[in-house]
Amino acid sequence: MPSLPPPRTTELYYDGAWHPVSVRESAAVSITRGLSGKGTRAEPAAATMTLGNRSGEVSAHDPAAALYGKIGRNSPIRFSVEGGGPHLLFPSSGLPLVTTPDHASLGVSGDLDVRVDVAPTSWMDVAALVSRSRLTGSQVSYHLCIAQDRILQLLWSPTGSVASQRWAAATAPVPAYDGQRIVVRATLDINNGAGGCTVRFFYARRLDAAIWLPIGDPVTLSGTTSIFDGTAPLDIGDSDHSLTPDGFSGLSRLKGRLHAVQVYDGTTLDVDVRPETQAVPGASTFTDGAGRVWTLSGGVVLSNAHVRLEGEVPAWPPQRHVSGNDSTVAVNPAGIMRRLDTGKRPLDSAIRRHILAEGPIECWPLTDGADAAKGAALLAGQPAVLVPGSHGYSWGEGRLGSWIEPVFRMNANGGARLTAPCPTSSAATAGWSVDFAFSGIRSLLVIDVKEQGSSDSTRTWTLALDPSVNKIFLMTAPLTGGTTIQAQPLVDIFDDDLPHHVRLTTTVGGGTALWDLYVDGVLSGTGAALVDAVPPEKVSVLWGVGGSVTEMALGYLTYWGATAPDAADTYQALAGYPGESAGARVVRVAAEQGVTLDLDGEAAGTTALGVQDRDRLLDTLEVASKADMGLLLERRDARHLLYRARHTLYTQSPTVTLDYSAGIISGELRPLDDDRLSRNEVTAQRIGGAEHTAVQETGRMSVLDPPLGIGRYSEADEYSLAADEQAAGQAWWRLHVGVYGGLRYPKITVDLANPRAAALLHDLLAADVGDLLRLQHLPDEYGPGDVDLLIRGYEEEVGAKAWRITFICDPGGPWRVGIYGDATYGKCDTSGSQLTAGVNSSATSFSVTTTAGLPWITTPSEFPFTIAVGGEEMRVTAITGASSPQTFTVVRSTNGVVKSHAAAAPVALARPAIYAL
């Protein structure tokens with residue numbers, strides 16, 4: 001039995017580095033992470049620990065203490081444990097290398113398949129992964145690296161020379177955040193059967209993954225090829241190539257963690273580096289699964305340290321023992337969500353944050369309150385003022401959109417001029433832009449931009465928005481006198497009450513100023529004016545000129561220099577980013593607030609959202625996660641937020657597999673057969689839009705009264721969706737999750753000090769929120785087969801008396817979805833089938849009648865697959881008969897269930913393809 005407590009390290013961050021601090025071994029460290037209830041947003045990580053303070057080191061309030069002024073409220077803290085087999089840790093400096101000498105088994109005579117389980121400090125760093133190459137003597141075989149912008153590149157040489165080397169780059173970046181552990185894979189088909197060779201790139205979460213997801217498209221090159229078998233050693237984390245294969249950047253050494261490397265020659269495993277089962281922590285050499293000896297140098301170490309929490313200490317309460325002989329500080333570290341969730345002020349509107357982030361010369365939001373007399377400048381410049389005699393206006397009552405702060409309103413039958421003085425700025429000498437947002441314009445609105453040093457009748461740009469002819473006119477007053485008038489094409493911005501955006505952009509070009517006019521982010525007109533286009537002195541807004549006025553709203557009058565942001569981006573911000581993916585939104589919103597959020601998954605695969613309303617930061621992020629059904633978390637190894645997209649939860653390989661019969665699960669396993677998660681009538685509504693109701697009308701989990709069903713369990717909610725059509729998919733997927741009929745295993749506890757768990761320590765410590773946990777060899781009364789659980793959170797205790805982890809779980813079965821072309825998850829079920837006649841417990845051939853839809857497939861290449869009949873799973877090896885009934889040839893009891901079945905017993909695929917949201 002491992003000694004307790006396990007080796008553990010607690011560190012405080014100050015003076016720009018991490019420093020160890022003592023933790024009392026007599027006091028256990030407890031950690032809670034993830035979600036404990038329903039929903040998609042985790043609670044802040046929480047921990048308890050007692051720091052030793054006999055020397056007064058961590059007395060944050062004692063001026064004589066060594067760390068006085070260096071630690072205090074929300075000081076960073078990190079807690080790590082050592083356990084299980086090691087990984088290779090590559091330092092951030094030096095010349096790290098892991099290498100094995102040349103051997104006959106390292107040659108690749110056929111197709112190449114390289115797999116690397118790695119967690120780089122930064123996926124943006126250019127780094128060598130695996131290389132068998134020596135440029136001296138023309139000994140180049142193959143080389144896999146991370147190139148610019150997270151792009152994998154594979155290089156090889158048929159002759160060993162640099163001159164003959166070939167290479168291919170992935171057509172998409174690795175979908176991983178910095179520090180994330182994933183397995184990347186590159187394959188080279190040396191002869192694709194079409195006169196060429198093909199390189200493919202993949203990724204997975206596990207080295208033993210049954211499903212590999214492509215990174216971009218296959219890369220096909222002309223001409224067949226081969227891989228030179230020379231005498232070079234095989235290197236991990238370094239290469240003697242100085243440049244990436246594309247030659248665009250210098251090739252650096254790997255920084256971060258590496259867990260495994262495998263190299264296949266065709267289907268033969270030639271290299272099998274998996275330190276967690278082959279090495280011991282601290283060793284300088286180890287032997288891999290293929291018998292090769294690997295040597296570490298340059299600061300690479302075999303480490304089994306695992307960060308269990310990186311958080312912040314909100315308070316430092318000193319505790320002096322009554323004897324006066326001891327002093328401690330009991331701290332309660334927390335994740336950054338605790339701090340980010342304080343306060344009730346909502347975020348500024350998306351347009352306001354966008355403008356601030358892009359750095360204008362000045363902006364007048366015109367969002368001042370009802371009693372305002374002037375329009376305050378966003379960057380503390382001079383305010384926008386109304387000229388004497390102005391009337392018919394209201395501050396704080398204009399509406400551009402419900403997601404935007406109230407703005408200035410021009411009332412019916414009013415008339416006025418609002419003038420904003422432009423600051424002097426060199427950023428505008430080569431050109432400038434002025435833009436503004438409005439809604440409800442149904443009468444003439446005029447925007448004048450007066451250039452510096454001019455009178456109001458010269459060197460002035462005038463935009464006239466005229467709803468009566470559905471046009472915008474641009475008028476310029478050139479130095480030579482006269483007026484140039486440009487009539488713009490028809491625009492559809494006057495017939496609704498939606499927010500719209502207009503931008504005038506100028507560029508200096510000698511004695512001629514080039515201009516562009518953008519309407520709602522789209523170029524509406526372009527031309528040239530015979531003026532110098534010097535920076536503006538003021539911008540004026542006029543209404544009620546020459547006639548009555550209807551109610552209009554105006555806001556975010558903005559003055560940019562020559563490098564204004566893209567007009568389309570500004571319009572998207574004004575519109576509240578409709579259609580933005582959940583992944584893109586959480587990253588953008590967090591970044592706008594100066595918070596790092598890492599995206600686990602691909603933004604393009606997340607739900608398209610509706611308009612972004614004004615809300616607090618975490619609430620805004622939760623709106624996105626709620627619609628996408630992903631998980632909003634904190635990273636445990638960094639003070640970052642983490643968003644795990646819904647699609648990363650689909651059809652996972654288990655991170656850890658627990659064998660109940662081996663005594664690995666601690667305490668009494670108590671599954672629940674309750675209705676806590678049951679929902680068989682689900683209504684999903686798009687916020688402000690259409691709704692759809694999905695109902696399970698047949699079967700044991702249906703809305704029918706018992707015993708035909710379970711009765712009606714209804715749920716209704718609204719979600720941020722880009723289109724009404726999304727409501728149907730949302731309803732049916734949530735219904736699919738809600739009608740899962742298996743047992744619930746809400747808590748699974750493992751004693752990490754149990755010797756029987758020792759071989760699984762590495763996997764247990766790797767398991768995190770959103771990962772899949774698999775239970776095997778359960779008692780018969782718990783049902784047949786393996787049980788998959790989705791980890792929603794965990795509670796961990798590390799101390800002198802116990803080291804245990806309790807996983808908080810939901811059923812993982814509903815998250816097994818179809819995968820196109822996959823032999824297990826890529827087959828669609830029939831609409832209805834049943835046994836034609838009863839069968840005994842040993843029959844290996846029987847008749848099946850199709851009651852609805854098409855008959856079963858008979859193509860030999862589609863076999864085998866697994867069916868379920870009355871709880872028994874059978875492997876089908878052949879089906880004969882083109883029409884119903886058909887004869888099935890099977891292998892019985894593949895899940896351990898042995899029984900007879902009556903005629904008309906339903907027959908279905910054991911794992912049919914489920915169409916995911």
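Which side chain does the side chain of Ser349 make a polar contact with? The first close-up takes that up, after a quick look at the whole chain.

**Figure 1. The whole protein, as a predicted model.** There are 917 residues here, and 53% of them count as buried. The secondary structure runs to 8 helices and 54 strands. Taken along the principal axes, the C-alpha atoms fill a box of roughly 95 × 75 × 75 Å. Among contacts with a separation of 6 or more, 67% are made by residues 24 or more positions apart. Mean pLDDT comes out at 92, with 96% of the residues at 70 or more. One stretch to treat separately is 479-483, where pLDDT stays under 50; the model has 9 contacts beyond four places in sequence for those residues.

**Figure 2. Ser349 and its partner Glu405.** The side chain of Ser349 makes a polar contact with the side chain of Glu405, at 2.8 Å. Ser349 sits in the loop between α2 (336-340) and α3. Buried or exposed, what is Ser349? With a relative accessible area of just 1%, Ser349 is under the 20% cut-off and so counts as buried. Leaving out residues up to four places away in sequence, Ser349 touches Trp403, Ile404, Glu405, Tyr556 and Arg614. As for Ser402, its C-alpha atom is 9.9 Å from that of Ser349, with the two positions 53 residues apart along the chain.

**Figure 3. Helices α3 and α4 where they meet.** Helix α3 covers residues 350-358 and helix α4 covers 567-574. Their axes come within 7 Å and cross at roughly 145 degrees. On the α3 side, the residues in the contact are Ala350, Ile351 and His354; on the α4 side, they are Asp569, Thr570, Ala573 and Leu574. Sorted by type, the residues of this contact come to 4 nonpolar, 2 polar and 1 charged.

**Figure 4. Ser133 with two polar partners, Asp240 and His241.** Ser133 belongs to strand β8, residues 127-134. Its relative accessible area is 0%, so Ser133 is buried. The Ser133 side chain makes a polar contact with the side chain of His241 at 2.8 Å, and another with the side chain of Asp240 at 3.3 Å. Both of those residues also turn up in the list of what Ser133 touches, along with Gln139, Val140, Ser141, Ala232 and Pro233 (residues up to four places away in sequence aren't counted).

**Figure 5. Helix α7 and what covers it.** Helix α7 takes in residues 726-738, 13 in number. From first C-alpha to last, α7 reaches 18 Å, close to the 18 Å expected at 1.5 Å a residue. Which residues of α7 are buried? They are Gln726, Ala727, Gln730, Ala731, Trp733, Arg734, Leu735 and Gly738. The cover over these buried residues includes helix α6 (617-628), plus strands β42 (681-686), β43 (691-695) and β44 (714-719).

**Figure 6. Ala210, an exposed loop residue.** Look for Ala210 in the loop between β13 (196-204) and β14 (213-214). At 66% relative accessibility, Ala210 is over the 50% cut-off, so it counts as exposed. Ala210 touches Ser653 and Asp822, again not counting residues up to four places away in sequence. From the C-alpha atom of Ala210 to that of Glu681 is 34 Å, and the two residues are 471 apart along the chain.

Technical notes:
Residues are numbered from 1 along each chain as its sequence is written. This is a predicted model: local features need pLDDT of at least 70, side-chain atom pairs count only at pLDDT 80 or more; totals for chains, interfaces and linings use all residues. Side-chain values use heavy atoms; hydrogens and water are left out. Helices (H or I, at least four residues) and strands (E, at least two) are DSSP runs, numbered from the N terminus. The expected span of a helix is 1.5 Å times one less than its number of residues. Buried means under 20% relative accessible area, exposed over 50%, partly exposed in between (1.4 Å probe, protein chains only). Contact means heavy atoms within 4.5 Å. Axes are lines fitted to C-alpha atoms, for helices over the stretch in contact, and angles run from 0 to 180 degrees between N-to-C directions. Ala, Val, Leu, Ile, Met, Phe, Trp, Tyr, Cys and Pro count as nonpolar, Asp, Glu, Lys and Arg as charged, and the others, Gly among them, as polar. A polar contact is a pair of N or O atoms within 3.5 Å; within protein, one must be able to donate a hydrogen and the other to accept it, and residues adjacent in sequence count only if both atoms are side-chain atoms. pLDDT is the predictor's confidence in each residue, from 0 to 100.
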